[in-house]
Structures are given as structure tokens and as C-alpha cells.
Amino acid sequence: MEKVINAENISYTYKKGVKAVDNISFHIGKSEVLGFLGPNGAGKSTTLKMLIGFLNSQTGKIDILGKNMAHNTDEIQAEIGVCFEEKNLYEDMSAIENLKFHASLYGIKRPDVNAILKKVDLDKRGKDKVASYSKGMRQRLMVARSLVNKPKILFLDEPTDGLDPVSAKAIRKVIREEKERGASVFLTTHDMLEADKLSDRVAFIDKGKIAAIDTPDNLKHEYGKRTLKIRYQENGQVKEEELSLEAKDIGKRIEEIRSQYKLHDMHTEEATLEDIFIQVTGRGLE
Ligand code: ADP
Ligand code: MG
């Protein structure tokens, strides 16, 4: 498999002595979405900043698109798209002007700004000044801006955090489309549903370390206990029973219930990524 990102033993300690990222290794393949899931302060943004060449890893090495980050920063930065927590849009310029200006920094002469704005459902507001934009619209414009150079890898730092549902949905749609186009995505989030829905693989990050990394399905099978919830009527009352799917006598118990009572409904319940995160790290995502 082609590794578009390969990080080996990377670390970062801030001046005040905070070990934000502690000797972690991982890779991302072509067209792969890696969800970096962890609570506030886990080290997600610091990792992202090292991957994009904004901070230098103090140990190990980072290869992006087959090139070493420390020695080819400019070349790599021309091939990637970044959407950060800090918003640095020009308030007095329209969305179209912001995108055109950003494209000019990449030496792109005629960016298809309308097509890019359409991707985030801002095409009808393209001529309006950013000063008139809501928080969600600004964030959608930040995401649109990260697409102007048709990046091979997208880096998105909590792109939907605190957004209205319409904006969050537009951004999630862009992530799926970019993957379809062949781009890889490094996505940080503390939203377990977002990580579950969008990621090919999820890394659990806690206190600067990767506690687990795998596909959401594998994580659920490895750690989560799956259960069957079965509801039936007994003397006019609804009773509920939970059976482990791993239990040997599950078939026998279902037969017992079926033969004695009126069955209401039954459905399987899977552990959520947050349940598993708690199991692996001993703490939750909030
Ligand atoms: P996350 O993005 O997962 O919330 P961060 O990477 O921002 O986590 O932070 C990881 C740790 O590093 C936290 O303890 C945070 O307080 C600390 N940290 C982040 N930025 C700085 C900074 N500029 N100076 C000092 N400490 C920082
Ligand atoms: Mg962060």
C-alpha cells in the first residue's frame, strides 16, 4: 500500500514542559481517511501541526508523499490542504476574493472558485463580504479554501466543532467527496459519531499517545461486547432482557422467551467508539 503519510516516533514538548505528543507512529494510505479521536488536550492539534510542517517534530521523522517533511517543507505544503482552528480569512473581502487571493499564493491563475464554493454550499453567497458570514459559513469557507490547490492530502482540525448541523453536514460531504477524488484525509475530532461515520481507520489519542488504531469495525469487534436486546410481554407488561451475542446458550434463551411470551421486538446493540475509548483509556471524550 502506498503510504502518503508515514510518521515514525514523533514527539513534541512545549516550552513550559508539556509533553503534548509522546513518541507516536502511524501511517495513512492513499484515499484513506484517518480519524484522530481524542478529548481536549490529547495532542491532536499538535500532531497535525507537525504533519503540516508548522511545528518540527523533536524526535523521529515524518514522510509526506514520499518526501521527508523537515527537508522538503515548501514542496510538500504546495500539495496539501489545511483547515485549522485559527480562522485567518479577510473580513473585508468576499468569499470569491478570499479564494482567488489564496489561489494566487499557490500560483494558481484561474481557480474555479464557483465550483469550490458550490462544494460547501456557499456559491450563492460568494460575492458577500466574509464580515457578514456566520460561524458555520466561515468554517465552510475555510474548508473550501483548503481545496483550491486540489490537495493530495487534506488536514482538517476539528472542522465541525461547534457548528450548526447544516454546516457540519456540508463539511462531512466534502470529506467524502475528497476521498472519492483520491485524496487522503487526516481528520481530528472529539466526536465519536463523526469519527465512526467518516473514517476508514480511527486512532484513539490520549495524553499524547495512540491508545489504539484500527477500523471502527475491528475496534468494535475487538473491544466492544455486542448484545441482543429482547423485549417481550409478560402479564401485559413489557419486559426487557439483554443477552450477550457471545453467550453459548443465547439460542436456547430466545426459544424459551418465544415459546412462553409474546415477543415485542429484538435488536442488536454495538458498543460505540466512546464506550471503547473509555475501556481502552479509562476516560471519556468530553
Ligand atoms: P488537542 O488538539 O487534542 O486538544 P493540543 O495538541 O492542542 O490538544 O494540546 C496538547 C497539550 O499541549 C495540552 O496539554 C495543551 O495544553 C498543550 N499545548 C498546546 N499548545 C500549547 C502551547 N502553544 N504552549 C504550551 N502548551 C500547549
Ligand atoms: Mg485541538
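User: Which helix gives the most to the shell around ligand 1?

Analyst: A shell of this kind is read by listing the residues close to the ligand, where a heavy atom within 4 Å is the cut-off. In this predicted model, helix α1, which spans residues 44–51, gives the most, with three residues. The full list around ligand 1 is Tyr-14, Lys-16, Val-18, Ala-20, Pro-39, Asn-40, Gly-41, Ala-42, Gly-43, Lys-44, Ser-45 and Thr-46.

User: How many residues of each class does the shell around ligand 1 have?

Analyst: Sorting by class gives five nonpolar, five polar and two charged residues.

User: Which polar contacts link the protein to an oxygen atom of ligand 1?

Analyst: To read a polar contact, one looks for a pair of N or O atoms within 3.5 Å. Here, a backbone N or O atom of Gly-43 is 3.0 Å from an oxygen atom of ligand 1. The side chain of Ser-45 places a polar atom 2.8 Å from a ligand oxygen atom. For Thr-46, an N or O atom of the side chain lies 2.5 Å from an oxygen atom of ligand 1. As for cover, ligand 1 on its own has 560 Å² of accessible area, and the protein covers 66% of that area. The space that ligand 1 takes is the second largest pocket.

User: Is helix α1 itself buried or exposed?

Analyst: A residue counts as buried when its relative accessible area is under 20%. Eight of the eight residues of α1 meet this criterion, so the helix is largely enclosed by the rest of the structure. The buried residues are Lys-44, Ser-45, Thr-46, Thr-47, Leu-48, Lys-49, Met-50 and Leu-51. Helix α1 is followed by Gly-53, which has a positive phi, near 80°.

User: How should one read the direction in which the residues of a helix point?

Analyst: An α-helix has 3.6 residues a turn, so residues three or four places apart point the same way. Individual positions can then be examined in turn. Asn-98, for instance, lies in helix α3, residues 95–105. Asn-98 counts as buried because its relative accessibility is 2%. The side chain of Asn-98 reaches the backbone oxygen of Met-93 at 3.5 Å.

User: What is the distance in space between Arg-172 and Leu-198, and between Leu-219 and Leu-273?

Analyst: For such a pair, one sets the separation along the chain beside the distance between C-alpha atoms. Arg-172 and Leu-198 are 26 residues apart in sequence, and their C-alpha atoms are 7.5 Å apart in space. Arg-172 belongs to helix α6, residues 165–181, and counts as buried at 19% relative accessibility. Leu-219 and Leu-273 are 54 residues apart in sequence and 7.8 Å apart, C-alpha to C-alpha. Leu-219 lies in helix α8 and is buried, with a relative accessible area of 2%.

User: Where does Gly-224 lie?

Analyst: A loop is located by naming the elements on either side of it. Gly-224 lies in the loop between α8 (216–223) and β11 (227–234). Gly-224 counts as buried, at 11% relative accessibility. Its C-alpha atom is 11 Å from that of Glu-246, 22 residues away along the chain.

User: How many helices and strands does the protein have, and what share of its residues count as buried?

Analyst: The protein has 10 helices and 13 strands. Of its 286 residues, 47% count as buried. Along the principal axes, the C-alpha atoms fill a box of roughly 75 × 45 × 40 Å.

Note on methods:
Residues numbered from 1 in each chain as written. Chains lettered and ligands numbered in written order. Predicted model: local features only at pLDDT ≥ 70, side-chain atom pairs only at ≥ 80, totals over all residues. Heavy atoms only, no water. Polar contact = N/O pair within 3.5 Å; in protein donor to acceptor, adjacent residues only side chain to side chain. Areas by Shrake-Rupley, 256 points an atom, 1.4 Å probe, with all protein chains shown as cover. 1 Å grid on protein atoms, 1.4 Å probe; cavity = no way out; pocket = protein on both sides within 12 Å on 5 of 7 lines; lining within 4 Å. Sits in = over half its atoms within 2 Å of the grid points. Helix = DSSP H or I, 4+ residues; strand = E, 2+ residues; numbered from the N terminus. Nonpolar A, V, L, I, M, F, W, Y, C, P; charged D, E, K, R; others polar. Buried < 20%, exposed > 50% of the residue type's maximum accessible area, 1.4 Å probe, protein only.
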